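Here's a quick briefing to read alongside the model. Keep the 3D view open and click on each residue as its name comes up.

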Amino acid sequence: MAAVDDFLGTVGDVLTQIWTAATTPVPPPAQAVVLAAGLAALAVVLVTPVWRVARHVVTIAHEGAHAVAAMVTGRRLDAIRLHSDTSGLTVSAGRPRGFGMVVTAFAGYVGPGLTGLGAAWLLRHGYAVGLLWLLVLLLALLLLKIRNWFGLWSILVSGAALVAVSWWLEPAAQATVAYAVTWFLLIGSVRPVLELQAQRSRGRARRSDADQLAALTRTTGMLWVVVFLLVTVGCLLLGATWIVEPAA
């Protein structure tokens, strides 16, 4: 029993430290560091060989958004799969048409941008470390529904990197990483939408989210691509404003 009590006490101390760090505001990095983090994120998105690796992060946010939308609208979330080619699949059960299916299909491409916008709001109020721990929690929840080995590996590597940053680095370094991640989510949410339309223009991606939404709503896939683009660019512009001009 003493060993169990010691273990529970240690776990309690760790959780208390995490909670204290996550709920304690930290000052933002210098403006030059914030802008440098944004430029670094932009370079990652624009340099295609680097983007092909980093895009896995956007895919995680994309499929996570599908999963959250499915559960919020009352659908049963069955599985999430992440693939080495940066594609993914979220499987949910429920009515094949209707509001829930529309929201679930819509959430994917706008998910990374909205996640970045939420992250920017937290940064604006000083919760950079809290953002990192929140991302760790979200990854842990996603892990429960991952159903393939590459997806499991992707989530574990991403989560381990965030835990390492959140636990061992100094608050200033943690804040810098949080800003870089947020910039990447905001900027990186736009390129997949452009890539989607490029694939559609070549006759590919016939079962894309945009085309599924077109069939569900009796509109056109191009309409939904435009909506995706407006939302992601809007999140980028608003999020950038919040990042550059933190709340007083």
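Let's start with the covered residues of helix α9: they are D209, A210, D211, Q212, L213, A214 and L216. That makes 7 buried residues out of the 9 in this helix, which spans residues 209-217, so α9 counts as mostly covered. Keep in mind that you're looking at a predicted model.

**Around helix α9**

- What do the buried residues of α9 pack against? Their partners are four helices: α3 (48-72), α4, α8 and α10 (221-244).
- Step just past the end of α9 and you meet R218, which has a positive phi of about 60 degrees.
- One of the buried α9 residues, D209, shows up again below, because it is on the contact list of Y109.

**Y109, in helix α4**

- Look for Y109 in helix α4, which covers residues 99-124.
- Is Y109 buried or exposed? Its relative accessibility is 13%, and buried means under 20%, so Y109 counts as buried.
- Skipping neighbours within four places in sequence, Y109 is in contact with H62, S189, P192, V193, L196, D209, F228 and T232.
- Y109 and A61 are 48 residues apart along the chain, yet their C-alpha atoms are separated by 8.9 Å.

**Two residues of helix α8**

- Helix α8 runs over residues 190-201, and Q199 is part of it. R191 sits in α8 too.
- R191 has a relative accessible area of 19%, which makes it buried. The cut-off for buried is under 20%.
- Which residues does R191 touch, if you don't count those up to four places away in sequence? They are V45, L46, T48 and W51.
- With T48 there's a polar contact as well: the side chains of R191 and T48 are joined at 3.2 Å.
- Q199 is partly exposed, with a relative accessible area of 34%. That label fits because the value lies between the 20% limit for buried and the 50% limit for exposed.
- Leave out the neighbours within four places in sequence, and Q199 is in contact with R204 and A205.
- Now try a longer jump across the model: Q199 and L35 are 164 residues apart along the chain, and 32 Å separates their C-alpha atoms.

**The whole protein**

- Zoom out and you can count 10 helices and 2 strands. Starting at the N terminus, the order is α-α-α-β-β-α-α-α-α-α-α-α.
- Why does the overall size agree with a compact globule? For 248 residues, such a globule would have a radius of gyration near 18 Å, and this protein has 19 Å, so the two agree.
- Along the principal axes, the C-alpha atoms fill a box of roughly 60 × 50 × 35 Å.
- Of the 248 residues, 43% are buried.
- Take the contacts between residues at least 6 apart in sequence: 74% of them join residues at least 24 apart.

**Surface and charges**

- The accessible surface adds up to about 13,000 Å², and carbon and sulfur atoms account for 70% of that.
- The protein has 17 positive and 11 negative charges, and the mean positions of the two sets lie 19 Å apart.

Technical notes. Residues numbered from 1 in each chain as written. Predicted model: local features only at pLDDT ≥ 70, side-chain atom pairs only at ≥ 80, totals over all residues. Heavy atoms only, no water. Rg over C-alpha atoms; globule rule 2.2 N^0.38 Å. Buried < 20%, exposed > 50% of the residue type's maximum accessible area, 1.4 Å probe, protein only. Contact = heavy atoms within 4.5 Å. Areas by Shrake-Rupley, 256 points an atom, 1.4 Å probe, with all protein chains shown as cover. Lys, Arg positive; Asp, Glu negative; His and termini not counted. Charge placed at Lys NZ, Arg CZ, Asp CG, Glu CD. Polar contact = N/O pair within 3.5 Å; in protein donor to acceptor, adjacent residues only side chain to side chain.
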